[in-house]
Amino acid sequence: MITFLGLIVTILVIVAVARIIRILELTNQLSPAPAEEISQKDNNSQGNLSLFFLFAFMIFIFYTTWRYAKFMLPVSASKHGVEIDQLMNVNYVLIFVVFFVTQIALFYCAWRYKHNTNRRGEYIPENHKLEVIWTIIPTIVLGGMIVYGLTVWNNITQSDHSKDNAQKIELYGKQFNWTARYAGKDNILGHAYFMNINSNNPLGVDSLDPHSKDDVLTNELHLKVNQPTNFYIRSQDVIHSVYLPHFRLQMNAVPGMTTQFYFVPTITTAEMRKKLKNDKFDYILLCNKICGAAHYTMHMKVVVDDDVQYSEWMSKQKTIGENNVASTTTSVENVVAVK
Ligand SMILES: [Cu+2]
């Protein structure tokens with residue numbers, strides 16, 4: 001009720017302010033102020049303030065860039081990430097060049113061409129040449145950026161991954177955690193069906209499917225360095241998003257469908273810790289789609305191992321067969337048979 005009253009008061013205040021502004025405008029029109037000559041002194045000080053603002057602004061830009069550079073991501077830990085970083089850097093350079101040229105020109109001109117009683121302004125109603133230049137150049141530059149961006153994205157998502165026998169890992173999101181499922185020795189993920197979902201079987205894996213016997217469920221994502229990996233991404237409830245910032249990787253998890261992302265991790269956790277001189281550094285998988293009240297808690301630790309570490313870790317994990325999830329499983333065939 002109080003919120004509702006607050007809303008009404010706010011709306012009334014906005015309406016009142018708008019009416020007052022309108023009345024002031026009308027009274028101004030009724031009694032036009034005598035054309036008052038602004039003093040040269042005022043013009044000078046406004047012009048100088050523009051120049052001062054330009055310097056202060058530039059110092060602020062350089063300071064914040066330097067001060068917060070540490071929050072930038074470290075080098076990409078995946079093969080395709082290098083391409084993404086290149087794309088990003090090209091964009092940064094372009095944006096910075098345009099930014100500096102336009103901002104310096106803006107405030108410099110405000111200072112250089114401040115009002116001067118001894119100078120007449122020139123009246124230029126239109127200039128076709130100028131308009132053509134400032135339409136065509138941005139069109140070419142922006143068009144180039146779009147083509148470059150699309151090419152990079154296509155390279156990343158559409159190359160032929162079937163040849164290199166990528167390791168298959170399912171990433172399953174639900175409010176509010178992630179589960180990883182490794183395809184096991186046969187590198188085939190067993191079939192999963194939502195009717196099978198229960199507390200023992202959070203992904204609804206069909207344990208009657210022979211391919212699911214050797215699948216492994218984990219709450220921590222271990223990747224083998226330089227091993228091509230294909231994520232199969234699913235969601236149980238709402239749209240989530242698999243986001244691995246250090247690998248420059250993001251793909252939505254959409255209920256009712258499987259999305260994919262192929263990539264190759266190139267830097268182990270130990271190597272990255274050395275690079276960053278930070279013994280506590282860990283890669284992380286975050287949900288990057290606001291998916292509910294506890295969205296911010298939805299993440300999973302990611303570890304990139306070398307071959308030995310990976311085999312050691314994997315040997316400690318239990319397969320679905322060993323965990324005996326079968327007790328409550330409904331296979332798709334059975335469901336169809338019941339009908
Ligand atoms: Cu989420």
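This is a tour of two sheets and one buried residue in a predicted model.

**First stop: the sheet that holds β1**

Select residues 167-174, which make up strand β1. Add residues 229-235, strand β5. The two strands are paired in the parallel sense, with seven bridges between them. For one point along this pairing, show Ile169, which faces Phe231 in β5.

Next, add strand β2, residues 177-182. Here the pairing with β1 is antiparallel and counts six bridges. Lys174 and Asn177 of β2 stand opposite each other.

Now go to strand β8, residues 259-263. β8 pairs with β5 in the antiparallel sense, over five bridges. Display Asn230 to find Tyr262 of β8 opposite it.

Step back to view the whole open sheet: its five strands come in the order β3-β2-β1-β5-β8, and the pairing is mixed. At the edges are β3 (216-218) and β8, each paired on one side only. From one strand to the next, the twist averages 25°.

**Second stop: Ile233**

Stay in strand β5 and select Ile233. Is Ile233 buried or exposed? Ile233 is buried, because 22 other C-beta atoms lie within 10 Å, and 20 or more count as buried.

What is Ile233 in contact with, leaving aside its neighbours within four places in sequence? Its contacts include Leu171, Val242 and Met251. Thr258, Thr259, Gln260 and Phe261 are also among them, as is Ala253. For a distance to check in the viewer, take the C-alpha atoms of Ile233 and Ile169: they are 8.5 Å apart, although 64 residues separate the two along the chain.

**Third stop: the sheet that holds β6**

Val242, one of the contacts of Ile233, leads to the next selection. Show Val242 together with Cys287 in β9, which stands opposite. Then select residues 240-244 for strand β6 and residues 283-287 for strand β9. These strands run antiparallel and are joined by two bridges.

Widen the view to the open sheet with the order β4-β10-β9-β6-β7, again five strands with mixed pairing. β4 (221-224) and β7 (249-253) are the edge strands, each pairing on one side only. Ignoring direction, neighbouring strands in this sheet are turned by 25° against each other on average.

**Last stop: helix α6**

Select residues 307-316 to show helix α6. Which strands does helix α6 lie across? They are β4 and β10 (299-305), and the helix runs at about 140° to β4.

Conventions
Residues are numbered from 1 along each chain as its sequence is written. This is a predicted model: local features need pLDDT of at least 70, side-chain atom pairs count only at pLDDT 80 or more; totals for chains, interfaces and linings use all residues. Two strands pair if DSSP finds at least two bridges between them. Helices (H or I, at least four residues) and strands (E, at least two) are DSSP runs, numbered from the N terminus. A residue is buried if 20 or more other C-beta atoms lie within 10 Å of its own, exposed if 12 or fewer, and partly exposed in between; C-beta atoms are placed from the backbone. Two residues are in contact if their C-beta atoms, placed from the backbone, lie within 7 Å. Axes are lines fitted to C-alpha atoms, for helices over the stretch in contact, and angles run from 0 to 180 degrees between N-to-C directions.
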